[in-house]
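Here's a quick tour for someone who'd rather be at the bench. Have the viewer open and follow along.

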Amino acid sequence: MKKSIEKIFPRPAQPGMVGDGFRVYNMVPGSGISKERMSPFLLLDFNAEFDFGPSNHIRGVDVHPHKGFETVTIAYKGSVAHHDSSGNSGVINPGDVQWMTAGAGILHKEYHEENFSKSGGPFEMVQLWVNLPAKDKGTPAHYQGITADQMGKVTLPDQAGIVNVIAGTFHDTKGPAETYTPVNVFDIKLEKDHRTEFSLPKEHNAAILVVNGEIEINGQVAKEHSFILFGHEGDEVAIRATEKAVLLVLSGEPINEPIASYGPFVMNTQEEIYQAFEDYQAGKFGTLE
Ligand code: MN
C-alpha cells in the first residue's frame with residue numbers, strides 16, 4: 001500500500017540567518033510541523049543553494065553549546081569546517097556528512113572552510129537535529145565524519161540515478177551512520193523522467209525534502225524546495241522525477257518521550273534544561289577557543 005501524504009509544504013517565504021554563514025529555510029518546525037510530529041527529527045534547516053560571494057572574513061557560527069541530541073550536517077555544495085571541545089575537527093565537502101552526537105554536552109563552531117570562503121561559490125547544506133532517547137542523553141559527546149565514498153551506494157536500474165544511504169537501509173543497502181534509534185536518511189539523485197520505489201516503515205515519521213528539481217509522488221507534484229510530510233498509512237513510496245531531482249528522504253521511529261527544549265539544549269524536563277544551562281555556565285562542556 002502506498003504511503004499516505006499528509007501535506008506538501010512549500011518552502012517558507014523568508015530564510016533566516018544562523019550566524020553569518022548559514023542562510024536557512026527552517027522547514028521543521030518552521031512549517032508548523034512540531035518537534036513531536038517529526039520525532040526523532042527535531043529540526044531541519046535548509047540552506048537552499050546560495051552564493052555568499054568571495055570573502056576574507058570567514059562566515060559561520062562562533063562557539064556555542066549543544067546538549068541532549070545530535071546535529072547532522074549534510075553538504076551538497078560548498079565546504080564546511082567544524083571544531084569542537086572534545087578535540088574533533090574536520091571539513092565536509094559535497095557528499096560528506098558530519099554526524100555529531102552532542103549527548104552530555106559539547107561546545108563547537110561551524111563555519112565555511114577557509115579556501116571556499118575566499119573563492120565563494122554555490123553553497124547548499126542541510127542541518128538536522130536528531131533527538132536522543134532519555135537513556136542516551138548523557139552519552140559522552142562524539143563525532144562521525146562520514147565521507148561521500150563511505151556512503152551505502154545503490155545504482156538505480158535503467159540509469160535512473162543513485163542513492164547514497166547515509167543511515168538506515170535502502171532496499172538491502174545499509175548506511176554507515178551509527179544511530180541511537182532506528183532512522184533512515186537517504187540522499188537520492190534521480191534523473192528526469194525516471195522512477196524509484198522503496199519502502200519506509202509505516203510507524204516511522206517520514207518526509208522528503210526536494211533539494212533540487214521536481215517530482216511526482218502519489219499523483220501529486222512536489223516542486224523544488226518543498227517538504228513532503230507523510231502520514232502513517234502504507235509503507236511504499238513511488239517517485240517519478242519530472243525534473244532531474246535531488247531528494248533528502250528522512251524516516252525515523254518516534255521517540256515517545258516529553259521534549260523540553262531551550263535553544264541548543266533538548267532534554268525531557270524543564271528541570272534538566274535549568275541543569276544543562278548551569279552546567280554550561282559552569283564550564284562543564286569543556287573549552288573551545
Ligand atoms: Mn551547532
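The notes below go through the metal site, the strands around it, the nonpolar cores and two asparagines.

Keep in mind that this is a predicted model. It holds a manganese ion with four named protein ligands, His64, His66, His108 and Glu110. Its largest nonpolar core counts 33 residues, and that core takes at least three residues from each of domain 1 (15-149) and domain 2 (151-257).

**The manganese site**

- Which atoms hold the manganese ion? The NE2 atoms of His64, His66 and His108 do the job together with an OE atom of Glu110, at 2.1 to 2.2 Å.
- Read along the sequence, the donors follow the pattern H-x1-H-x41-H-x1-E.
- Histidine 64 has 16% relative accessibility, so this ligand counts as buried, the cut-off being under 20%.
- Histidine 66 is buried as well, with a relative accessibility of 2%.

**The four-stranded open sheet**

- Look for an open sheet of 4 strands, ordered β5-β10-β7-β8 and paired antiparallel.
- Why do β5 (60-66) and β8 (89-92) count as edges? Each has a single partner strand, so one side of each has no neighbour in the sheet.
- On average, neighbouring strands here are turned by 20 degrees against each other, direction ignored.
- Strand β7 (residues 80-84) runs antiparallel to β10 (residues 106-112), and 5 bridges link the two.
- On the β10 side, alanine 81 sits opposite tyrosine 111, and histidine 82 sits opposite glutamate 110, which is one of the manganese ligands.
- β7 also pairs with β8, again antiparallel, through 4 bridges. Here histidine 82 faces glycine 90 of β8.
- Is β7 mostly covered or mostly open? It is mostly covered, with 4 of its 5 residues buried.
- The β7-β8 pair makes a hairpin with 4 residues in between, and glycine 87 in that turn has a positive phi of about 95 degrees.

**Strand β6 and its partners**

- Strand β6 (residues 69-77) is another mostly covered one: 8 of its 9 residues are buried.
- With strand β11 (residues 122-131), β6 pairs antiparallel over 8 bridges. In that pairing, isoleucine 74 stands opposite valine 126.
- With strand β9 (residues 97-101), β6 also runs antiparallel, joined by 5 bridges. There, valine 72 stands opposite tryptophan 99.

**The nonpolar cores**

- Which residues have the most contacts inside the largest nonpolar core? They are Leu44, Ile74 and Trp99.
- Strand β4 (residues 41-51) gives the largest share of this core, 4 residues.
- There is also a second, separate core of 26 residues, with Val154, Ala160, Phe186 and Leu200 among its members.
- Isoleucine 74 is a good residue to click on. Not counting residues up to four places away in sequence, isoleucine 74 touches Asp96, Val97, Glu124, Met125, Val126, Leu128, Ile166, Val185 and Leu248.

**Asparagine 164**

- Asparagine 164 lies in strand β14 (residues 161-167).
- Is asparagine 164 buried or exposed? With a relative accessible area of 7%, asparagine 164 is buried, because that value is under 20%.
- Beyond four places in sequence, asparagine 164 touches Met151, Gly152, Lys153, Val185, Phe186, Asp187 and Lys189. Of these, Val185 is also touched by isoleucine 74, and Phe186 belongs to the second core.
- Asparagine 164 and leucine 248 are 84 residues apart in sequence, with 9.9 Å between their C-alpha atoms.

**Asparagine 88**

- Where does asparagine 88 sit? You'll find asparagine 88 in the loop between β7 and β8.
- Asparagine 88 is partly exposed, with a relative accessible area of 26%. That value falls between the buried limit, under 20%, and the exposed one, over 50%.
- Leaving out neighbours within four places in sequence, asparagine 88 contacts His82, His83 and Tyr143.
- From asparagine 88 to isoleucine 106, it's 18 residues along the chain and 11 Å between C-alpha atoms.

How values were computed. Residues are numbered from 1 along each chain as its sequence is written. This is a predicted model: local features need pLDDT of at least 70, side-chain atom pairs count only at pLDDT 80 or more; totals for chains, interfaces and linings use all residues. Side-chain values use heavy atoms; hydrogens and water are left out. A nonpolar core is a set of buried Ala, Val, Leu, Ile, Met, Phe, Trp, Tyr and Cys residues joined through side-chain atoms within 4.5 Å. Buried means under 20% relative accessible area, exposed over 50%, partly exposed in between (1.4 Å probe, protein chains only). Domain bounds come from an automatic or database domain assignment. Contact means heavy atoms within 4.5 Å. Donors are N, O and S atoms within 2.8 Å of the metal (3.2 Å for Na, K and Ca); water is not among the atoms, so sites may look incomplete. Two strands pair if DSSP finds at least two bridges between them. Axes are lines fitted to C-alpha atoms, for helices over the stretch in contact, and angles run from 0 to 180 degrees between N-to-C directions.
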